[in-house]
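Colleague: Could you walk me through this model, please? I would like to go through the sheet, the cores and the helix packing with you.

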Amino acid sequence: MIHTLTLNPAIDRILYLNHFEKNVTNRIRETLDTIGGKGTHVSINLKLLGQDNTAFGICHGQNGLRVINMLKEYGIHVQFQHYTDSSRETRTNYLLIEDTTDCTIAAESGVRLEEAELSDLLEMMGQVICPGDYLIFSGDASNSPDPSIYNRILHTFKDRDLRIFLDTSGKSLKECIQEAPYMIKPNLDELSTLAGYAVPNNDDSIIKAIRSLDPYGVEVIAVSLGGDGSIVKTADGFYRVHPPKVDVHNTIGCGDCFLAGFVYGTANGYGTEDILRIATAVSAATAESNISVGYNLSRALELKSMVTIEKIK
Ligand code: TA6
């Protein structure tokens with residue numbers, strides 16, 4: 001079984017405007033609320049591929065209820081701890097999407113979690129997770145009182161031989177990589193943080209930085225380069241992946257969708273190139289959508305044949 005974990009879910013409030021300019025009044029043309037938080041997005045994108053999965057998480061108040069209901073609408077097994085006991089509300093993230101397709105996110109810090117809430121979550125996860133399952137840690141965890149929360153979860157379920165996919169940033173990424181997750185998906189900034197220097201944006205420098213992470217024993221490192229595709233280290237070597245040219249409406253959520261495609265291909269026994277092909281195609285199809293989660297599946301399948309993959313090392 002595949003499970004995602006979202007410790008800091010959100011409502012994504014999408015603000016469409018012609019152009020965003022600092023220090024002036026910007027007029028919003030249209031707004032739209034959808035579900036936010038990287039783990040919830042991975043769950044939905046997996047489900048759109050036909051892959052059953054469980055979404056674990058913690059949420060609060062009315063926004064939390066909306067998050068749960070949106071996940072249920074997709075037919076996902078929802079295992080969220082929902083608290084209504086105080087004035088705490090699951091966060092709202094503001095996504096500014098301009099006509100130029102430039103995107104900016106202003107993310108709230110989210111509800112500060114309590115130790116008891118984390119304990120409840122761990123207990124619930126313990127009842128659901130089985131040996132050999134896939135667990136996807138996705139998104140911000142800076143709202144946790146325990147900065148090593150992902151590590152703690154891994155220690156708790158050490159005997160269950162889980163396959164861990166990690167897509168986070170900051171301290172959680174630096175801490176959790178120590179536990180040798182199966183896959184990480186850093187962008188260039190996150191790779192620079194891990195490598196300890198500013199990695200220049202060219203293939204050779206990126207490969208060198210990925211190699212510097214060898215001591216951590218992470219099998220797959222997929223460095224996302226936005227519209228320029230990705231460079232991916234796998235057990236078979238390094239690959240340069242070029243996405244198809246698409247009519248981009250918004251790039252928010254493409255990384256979550258890449259991860260969902262990668263997990264889907266891996267769970268369904270695809271070879272490396274086919275995994276990269278499906279991950280890149282669903283991600284490109286997401287860029288064609290004007291919201292932050294979801295894509296047209298038949299379009300994604302059509303785009304698969306337009307992904308170019310080179311084995312580079
Ligand atoms: O990748 C897009 C997204 O999942 C949006 O839903 C947005 O709310 C944001 O990322 C949340 O990211 P964070 O790192 O704060 O968990």
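Colleague: What is the order of the strands in the open sheet of four strands?

Modeller: Happy to help, and a word on the ground rules comes with it. This is a predicted model, in which local features need pLDDT of at least 70 and side-chain atom pairs count only at pLDDT 80 or more, while totals for chains, interfaces and linings use all residues. Residues are numbered from 1 along each chain as its sequence is written, and side-chain values use heavy atoms, with hydrogens and water left out. Helices (H or I, at least four residues) and strands (E, at least two) are DSSP runs numbered from the N terminus, two strands pair if DSSP finds at least two bridges between them, and with mixed pairing the order is 3-2-6-7.

Colleague: Which strands stand at the edges of that sheet?

Modeller: An edge strand here has a single partner strand, so one side of it is left without a neighbour in the sheet. Neighbouring strands are turned by 20° against each other on average, direction ignored; axes are lines fitted to C-alpha atoms, for helices over the stretch in contact, and angles run from 0 to 180 degrees between N-to-C directions. The edges belong to strand 3 (30–36) and strand 7 (103–107).

Colleague: How many bridges join strand 2 to strand 6?

Modeller: Strand 2 covers residues 10–17 and strand 6 covers residues 91–98, and the two run parallel. Among the pairs, Arg13 has Tyr94 as its bridge partner, and Tyr16 has Ile97. The count of bridges joining strand 2 to strand 6 is eight.

Colleague: Which residue in strand 7 does Ile97 stand opposite?

Modeller: Strand 6 pairs with strand 7 in the antiparallel sense, over five bridges. The two form a hairpin with four residues between them, and Thr101 in the turn has a positive phi of about 75°. Opposite Ile97 in strand 7 stands Cys103.

Colleague: How many of the eight residues of strand 6 are buried?

Modeller: Buried means under 20% relative accessible area, exposed means over 50%, and partly exposed lies in between (1.4 Å probe, protein chains only). Strand 6 is largely enclosed by the rest of the structure, because the number of its residues that are buried is seven.

Colleague: At what angle does helix 2 run to strand 2?

Modeller: Helix 2 (residues 61–73) lies across strand 2, strand 3 and strand 6, where contact means heavy atoms within 4.5 Å. Its angle to strand 2 is about 85°.

Colleague: What is the handedness of the crossing of helix 1 and helix 8?

Modeller: The axes of helix 1 and helix 8 come within 8 Å and cross at roughly 50°. That makes helix 1 oblique to helix 8, because angles under 35 degrees count as roughly parallel, over 145 as roughly antiparallel, 65 to 115 as roughly perpendicular and the rest as oblique. Lys38, His41, Val42, Asn45 and Leu46 of helix 1 meet residues of helix 8 including Asp256, Leu259 and Val263. A crossing is left-handed if the near helix is turned anticlockwise from the far one by less than a right angle and right-handed if clockwise, and this one is right-handed.

Colleague: Is Ala267 buried or exposed, or partly exposed?

Modeller: Ala267 lies in helix 8 (residues 254–267). Not counting residues up to four places away in sequence, Ala267 touches Ile2 and Tyr134. At 35% relative accessibility, Ala267 counts as partly exposed.

Colleague: And is Asp167 buried or exposed?

Modeller: Asp167 has its place in strand 9 (residues 163–167). Leaving out residues up to four places away in sequence, Asp167 touches several residues, among them Lys38, Lys185 and Asp256. With 6% relative accessibility, Asp167 counts as buried.

Colleague: How many residues has the largest nonpolar core?

Modeller: A nonpolar core is a set of buried Ala, Val, Leu, Ile, Met, Phe, Trp, Tyr and Cys residues joined through side-chain atoms within 4.5 Å. Those with the most contacts inside the largest one include Met125, Leu191 and Ile206. Its largest share, five residues, comes from helix 3 (residues 115–128). The largest core has 42 residues.

Colleague: Which residues of helix 7 make the contact with helix 6?

Modeller: Helix 6 and helix 7 pack at about 45° with their axes 9 Å apart, and their crossing is left-handed. From helix 6 come Leu188, Leu191 and Ala195, and from helix 7 come Ile206, Ala209 and Ile210.
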